Structures are given as structure tokens and as C-alpha cells.
Amino acid sequence: MSEATDTPTPAESTGSAGEHAEPVNPHAEIVRKLAAAMLRTAVWPGVATVAIGAIVATVLVGVPGLIGALVGGVVAFASSLLTIWLMRFTGGMSPHFVMVAALGGYIGKMIVLLVVMTLLGGIDMIHRESLAFTMLATVMVWAGAEVVAFKRTKIPTVVPGN
């Protein structure tokens, strides 16, 4: 505002972010920031794990090992990316609902992984153990990278005032 008049200056009349904007949900911002950090931190170790699994499976078993390792890696990546999507989707909701969604998502993913292993286990062109070990290694490395990302972001687990 100008000191001489009570009319807003051109910079103020464009509508500041605080006037008509929706209230900011601090929990949603924190969860989305954490999800982004987890994604950035986990992608490359996950890719490296799939690549190592594919190389080892190819050397030990041949083409069926390669196919099994790649399928296992793709399934593990899809499962891990679903977790990040679930975090972003539920980030603006009540923290209690976020926990319910996380646990439900975890149980759902485990059921899907079990079904995938069961259905693909009987296909001759897919080496079952290569699929299983690559999937397991990728999920574990991804989860470890998510823990590292969580620790590096230094986000408080409890948001004061909520």
C-alpha cells in the first residue's frame, strides 16, 4: 500500500498468495516432499539392482534367467512406484487415513506379488528363481533407499500443531 493513500500498489493488487488461496496443509506438503525425495534416492539403486540381477541371471542360467530377472525387476519397480504414488495421492488426507492406506497398499502389493510369482512360475521361458531373487533384491534395495531418503530429509515424524 502506498503511504499517502489506502489504495493497493500494483504489486499488491495482483492478488497475493495468502488472500484467496486455499489453506496450506502442512502434512500434505511434508508427505509429498518425502515422496519426491524417496523417488529421487531410490530410482538409480533400483536400476542398478535390476541390471546386476539380469547380468548374474544371464551368466548363471542364460536367456530364461535374463527374462526372469527383467520381469522380476519390472514387477518390483511397479510395486515400489505404486508406494510413491500412494504417498502422493493420500498426502493431503488425514494422517490416520494415510497410515490405513499405506498398510492396505502394502498388503495389496504383497498379494499381487504372490499372484505374479504363482502365475509366471510355470512359464518355461522365465526362470522362476531369477525372477524371485531379482524382485526381492530390488524391493529390498528400494526400501533401503527410501529409509536413507527419509533420514536425509530430516522431516519430523510428528508435525507440531496437527
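UniProt positions are given here in the numbering used for this chain, and such annotations may be inferred rather than shown by experiment. With that in mind, the unreviewed UniProt entry lists four stretches under "transmembrane region": residues 42-61, 67-86, 98-119 and 131-150. The model itself is predicted, and what follows is read from its coordinates.

The overall layout is easy to describe. The protein has six helices and zero strands, so that, following the DSSP runs numbered from the N terminus, the order of elements reads α-α-α-α-α-α. Of the 162 residues, 30% count as buried. About 10400 Å² of surface is exposed, and carbon and sulfur atoms supply 73% of that area. Contacts reach across the chain, too: among those with a separation of 6 or more, 76% join residues 24 or more positions apart.

Two of the annotated stretches can be checked against the model. Residues 42-61 are 100% helix and 0% strand, and the C-alpha atoms at the ends of the span lie 28 Å apart. Residues 131-150 are likewise 100% helix and 0% strand, again with 28 Å between the end C-alpha atoms.

Next comes the pairing of α3 with α4. Helix α3 covers residues 26-61 and helix α4 residues 63-90; the two pack with their axes 8 Å apart, at an angle of about 170 degrees. Angles over 145 degrees count as roughly antiparallel, and α3 and α4 are therefore roughly antiparallel to each other. Sorted by class, the residues in this contact are 21 nonpolar, five polar and two charged.

Glutamate 29 also sits in helix α3. Is this residue buried, exposed or partly exposed? Its relative accessible area is 47%, and because the partly exposed class lies between under 20% (buried) and over 50% (exposed), glutamate 29 counts as partly exposed. Along the sequence, glutamate 29 and glycine 92 are 63 residues apart, yet in space their C-alpha atoms are separated by 7.8 Å.

A second long-range pair involves helix α6, which spans residues 128-153 and holds valine 139. Valine 139 has a relative accessibility of 25% and so counts as partly exposed. The partner is glycine 72, 67 residues away along the chain, with 9.8 Å between the two C-alpha atoms.

Key: Residues numbered from 1 in each chain as written. Predicted model: local features only at pLDDT ≥ 70, side-chain atom pairs only at ≥ 80, totals over all residues. Heavy atoms only, no water. Helix = DSSP H or I, 4+ residues; strand = E, 2+ residues; numbered from the N terminus. Buried < 20%, exposed > 50% of the residue type's maximum accessible area, 1.4 Å probe, protein only. Contact = heavy atoms within 4.5 Å. Areas by Shrake-Rupley, 256 points an atom, 1.4 Å probe, with all protein chains shown as cover. Axes fitted to C-alpha atoms, helices over the stretch in contact; angles between N-to-C directions. Parallel < 35°, antiparallel > 145°, perpendicular 65-115°, else oblique. Nonpolar A, V, L, I, M, F, W, Y, C, P; charged D, E, K, R; others polar.
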